[in-house]
Amino acid sequence: AVCSMGNSTSRLYSVLAKTLSSGAVSQHQDCLEQLDSARLDPIDPKDLLEECQIVLQKRPPRFQRNFVNVKKNAASNHRPIRVMQWNILAQALGEGKDNFVQCPMEALKWEERKCLILEEILAYKPDILCLQEVDHYFDTFEPLLSRLGYQCTFFPKPWSPCLDVERNNGPDGCAMFFLKERFELINSANIRLTAMKLKTNQVAIAQTLKCHETGRLFCIAVTHLKARTGWERFRSAQGCDLLQNLKNITQGAKIPLIVCGDFNAEPTEEVYREFSNSSLNLNSAYKLLSPDGQSEPPYTTWKIRPSGECRHTLDYIWYSQHALNVNSALGLLTEEQIGPNRLPSFNYPSDHLSLVCDFSFNQDPDRLL
């Protein structure tokens, strides 16, 4: 049975080899109730990774990416906090709407693509995982990641475009996962973003966590702003709304903040400047990979659609630079690795690259405010 999720490898494989029957999330309720008792049964991440690799054995090996140390001689007496940001590409959109003209439909098969996504997550072992375009939360990510020790939260878009696709798996949205062994949840807020005083179709999750090791509080947020050219002012308004919410949650930057998201905005856009100039004293972590520490990467998404090639920097990890240090960041894929057909592909499951950073607390944050 698809819902059988015991300890053994064969029962684990049943989760990976199949998904629940297609349709909206509400149709899965019976199966979800059966999963409740199994959630407490932990999975060894090595076993899950092996099962993913079995499913993917006919595909080319995953790309190798290296971490770049950006903080020299970082003095810290605690383990860094690894944060992963990723727009994983909603399955319904990848198959039904996004028109990746150079990507074979075979490469988008969910049975294999979900294993590529899981392989990427398992390879980097994030303490906190922030995802966008999640439309298989209830049948894949929540059941599996909860058994890997993560606490899971999902906030779907009110009017997800996934619902327009035949045989969809319900709405897509933002999801956040954190390791319960490392953090305690203090507060959680699901935010429906507004623009020009109107509620929009874009959302965010903001959670205040307490680090068990240090006792320090910090806030982690995930969001996905409105897409497409011509919506720059709309994104700017959404960004302002999110920043105001985060100011309230962090008590005006007293609580350190990390914001992960697909902003659908290049660094030249107003919403980027709003985050750069916010009173929350935020910096973009991936700027630190540039020689001068001031430039964003040349791309975080690269795809080919009927209208042509799309190569943009849209994804960011913002952080409180007075309270947090970036110790290292995961280097991006090179153009040679991505290949002429761009993303997604048999090698890589999304049209967006994952971003991963290791953070540590500044020893004396108040001095730098």
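# Rings, charges and a buried helix

The structure holds 20 aromatic pairs. One of them brings together W86 and Y348, whose rings are tilted at 50 degrees between the planes and sit 5.8 Å apart, centre to centre. Keep in mind that this is a predicted model. Salt bridges come to 20 as well, and the notes below walk through some of both kinds, plus a helix and a loop worth a look.

**Aromatic pairs**

- W86 belongs to strand β2 (residues 81-87) while Y348 sits in the loop between α9 and β15, so their pairing ties together parts that are 262 residues apart in sequence.
- Both of these rings are tucked away: W86 is buried, and Y348 is too.
- F218 and F361 make an edge-to-face pair, because their planes meet at 65 degrees, with 6.0 Å between the ring centres.
- That pair ties together parts 143 residues apart in sequence, since F218 is in strand β8 (residues 217-224) and F361 is in strand β15.
- F218 is buried at 1% relative accessibility, and F361 is buried as well, at 2%.
- If you'd like to see a group of rings, look for F263, Y272, F275, Y316 and W318, which ring pairs link into a cluster.

**Charges over rings**

- K226 lies over the face of W231, 4.6 Å from the ring centre.
- R311 has its charged end over the ring of W302, at 4.9 Å from the centre.

**Salt bridges**

- Side chains of opposite charge can pair when their charged atoms come close.
- In helix α7 (residues 232-249), R235 and E232 are three residues apart, about one turn of the helix.
- An α-helix has 3.6 residues a turn, so residues three or four places apart point the same way.
- The side chains of R235 and E232 do meet in a salt bridge, with 3.9 Å from N to O.
- The two partners differ in how open they are: R235 counts as buried because its relative accessibility is 1%, under the 20% cut-off, whereas E232 is partly exposed at 31%.
- Salt bridges with shared partners also join R59, E106, K109 and E112 into one network.
- Within that network, E106 and K109 are bridged at 3.6 Å, N to O.
- E106 is partly exposed at 45% relative accessibility, and K109 is partly exposed too, at 29%.
- Another salt bridge links R167 with E166, with 3.9 Å between the closest N and O atoms, and here both residues are exposed.

**Helix α6**

- Helix α6 (residues 137-147) is largely enclosed by the rest of the structure, because 10 of its 11 residues are buried.
- The buried ones include the charged residues D139, E142 and R147, along with Y137, F141 and P143.
- Just after this helix, G149 takes a positive phi of about 105 degrees.

**S345 and its loop**

- S345 is found in the loop between α9 (335-338) and β15 (355-361).
- S345 is buried, with a relative accessibility of 12%.
- The side chain of S345 reaches the backbone nitrogen of N347, at 3.2 Å.
- Which residues does S345 contact, leaving aside its neighbours within four places in sequence? They are R59, C103, A107 and L116.
- R59 therefore turns up twice in this tour, as a contact of S345 and as a member of the salt-bridge network.

Notes:
Residues are numbered from 1 along each chain as its sequence is written. This is a predicted model: local features need pLDDT of at least 70, side-chain atom pairs count only at pLDDT 80 or more; totals for chains, interfaces and linings use all residues. Side-chain values use heavy atoms; hydrogens and water are left out. A salt bridge is a side-chain nitrogen of Lys or Arg within 4 Å of a carboxyl oxygen of Asp or Glu. Buried means under 20% relative accessible area, exposed over 50%, partly exposed in between (1.4 Å probe, protein chains only). Helices (H or I, at least four residues) and strands (E, at least two) are DSSP runs, numbered from the N terminus. A polar contact is a pair of N or O atoms within 3.5 Å; within protein, one must be able to donate a hydrogen and the other to accept it, and residues adjacent in sequence count only if both atoms are side-chain atoms. Contact means heavy atoms within 4.5 Å. Rings of Phe, Tyr and Trp (its six-membered ring) pair if their centres lie within 6.5 Å; planes under 30 degrees apart count as stacked, over 60 as edge-to-face and the rest as tilted. A charge sits over a ring if NZ of Lys or CZ of Arg is within 6 Å of the ring centre and within 35 degrees of the ring normal.
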